[in-house]
Every structure is written in C-alpha cells, then in structure tokens.
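Could you walk me through this structure in the viewer, one selection at a time? I am new to it and would like to know what to click on next and what is there.

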Amino acid sequence: MPLTKKEDFAQGNENALFCLYCVKEDGEPKSCQEVFEGGVQYFMGQLGGDRQKAEKVVRKNMNQLPYWKAKDCELLKGEMVTDEEFEEILNKL
C-alpha cells in the first residue's frame with residue numbers, strides 16, 4: 001500500500017517502517033504470512049480477484065522492503081511482476 005499520508009503509517013508515525021495494516025496493536029510487525037496474505041487480499045480487490053497476479057505483486061513489494069529482505073520467508077520466493085507492471089499497478093491505486 002502506498003504510504004501517502006500520516007494515517008497510512010503504523011500508529012500514525014511517519015517514520016515507521018510499516019503501514020498500519022502490517023503491525024499488531026502493540027506496534028510489532030505481523031508475521032510474513034499475515035502480511036503476505038493481507039497484501040494478496042488487498043491486491044486481489046484491485047486486480048479483479050486474480051490471486052496469482054496479486055501474489056506476484058505482493059512478492060515484488062515485500063522484497064523491496066529492507067525489513068523483509070532480511071527475513072527468510074518462503075512465501076517471498078517465487079515469481080514477481082516486472083518493475084513496469086508494478087509501477088503501473090501502483091499508479092492505479
């Protein structure tokens with residue numbers, strides 16, 4: 001999700017590494033699986049229910065974030081959309 005306003009960030013903190021959907025109530029990050037599935041559900045809504053493409057978009061997004069780069073999460077290994085596809089999808093949000 002694009003972080004464009006203060007309310008988009010975890011706990012309204014614009015210096016946070018996560019969006020409000022990627023953290024628990026205490027501010028700690030959710031598991032890779034929880035974030036991945038939440039992202040897939042979000043992008044399925046944006047992509048007309050295409051789960052396979054949504055998974056590729058979420059992989060691309062999460063693999064670009066320093067926090068997830070440092071984690072060994074099997075869900076993040078696999079096919080991703082191209083840079084061009086990713087940019088086009090984000091521009092439509």
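Here is a short tour in four stops, with residues to select at each one. Before you start, keep in mind that this is a predicted model.

**Stop 1: helix 2**

Begin by selecting residues 51–63, which make up helix 2. Try a quick check of its length with the distance tool. At 1.5 Å a residue, the 13 residues of this helix should span 18 Å, and the C-alpha atoms at its ends are indeed 18 Å apart, so the two values agree.

Next, look at the N-terminal end of helix 2, where D50 acts as a cap. One of the side-chain oxygens of D50 lies 3.3 Å from the backbone nitrogen of Q52.

Now colour the buried residues of helix 2: A54, E55, K56, V57, V58, R59, K60 and M62. What lies over them? The cover includes helix 1, helix 3 and helix 4.

**Stop 2: R59**

Stay in helix 2 and select R59. Is R59 buried or exposed? Its relative accessibility is 11%, and because buried means under 20%, R59 counts as buried.

Show the side chain of R59 and find a polar atom on it that lies 3.0 Å from the backbone oxygen of E79. Then display the surroundings. Leaving aside residues up to four places away in sequence, R59 touches F36, L75, L76, K77, G78, E79 and M80.

**Stop 3: the aromatic rings**

How many aromatic pairs does the structure hold? There are three. A pair of aromatic rings is described by the distance of the centres and the angle of the planes.

Select F18 and Y67 to see one of these pairs, which is edge-to-face, with 4.9 Å from centre to centre and 80° between the planes. This pair links distant parts of the chain: F18 sits in the segment before helix 1 (32–46), while Y67 belongs to helix 3 (residues 66–69), 49 residues apart. Switch on a surface if you like: F18 is buried, with a relative accessible area of 12%, whereas Y67 is partly exposed at 27%.

Keep Y67 selected and add W68. Y67 and W68 also form an edge-to-face aromatic pair, with centres 4.8 Å apart and planes at 90°. W68 is buried, with a relative accessible area of 4%. With F18, Y67 and W68 shown together, you are looking at a cluster linked by ring pairs.

**Stop 4: the cysteines**

Finally, turn to the sulfur atoms. The structure holds one disulfide, and you can find it by selecting C32 and C73, whose sulfurs are 2.0 Å apart. The torsion about their S-S bond is about -90°, so this disulfide is left-handed. C32 lies in helix 1 and C73 in the loop between helix 3 and helix 4 (83–91), so the pair ties together parts that are 41 residues apart in sequence. C32 is buried, with a relative accessible area of 7%, and C73 is buried too, at 6%.

For a last selection, pick C19 and C22. Why is there no bond between C19 and C22? The sulfur of C22 is the closest cysteine sulfur to that of C19, but at 3.4 Å it is too far for a bond, because a disulfide needs sulfur atoms within 2.5 Å. C22 is in no disulfide. C19 is buried, with a relative accessible area of 11%, and C22 is buried at 15%.

Technical notes. Residues numbered from 1 in each chain as written. Predicted model: local features only at pLDDT ≥ 70, side-chain atom pairs only at ≥ 80, totals over all residues. Heavy atoms only, no water. Helix = DSSP H or I, 4+ residues; strand = E, 2+ residues; numbered from the N terminus. Buried < 20%, exposed > 50% of the residue type's maximum accessible area, 1.4 Å probe, protein only. Polar contact = N/O pair within 3.5 Å; in protein donor to acceptor, adjacent residues only side chain to side chain. Contact = heavy atoms within 4.5 Å. Phe/Tyr/Trp six-rings, centres within 6.5 Å; stacked < 30°, edge-to-face > 60°. Expected span 1.5 Å × (residues − 1).
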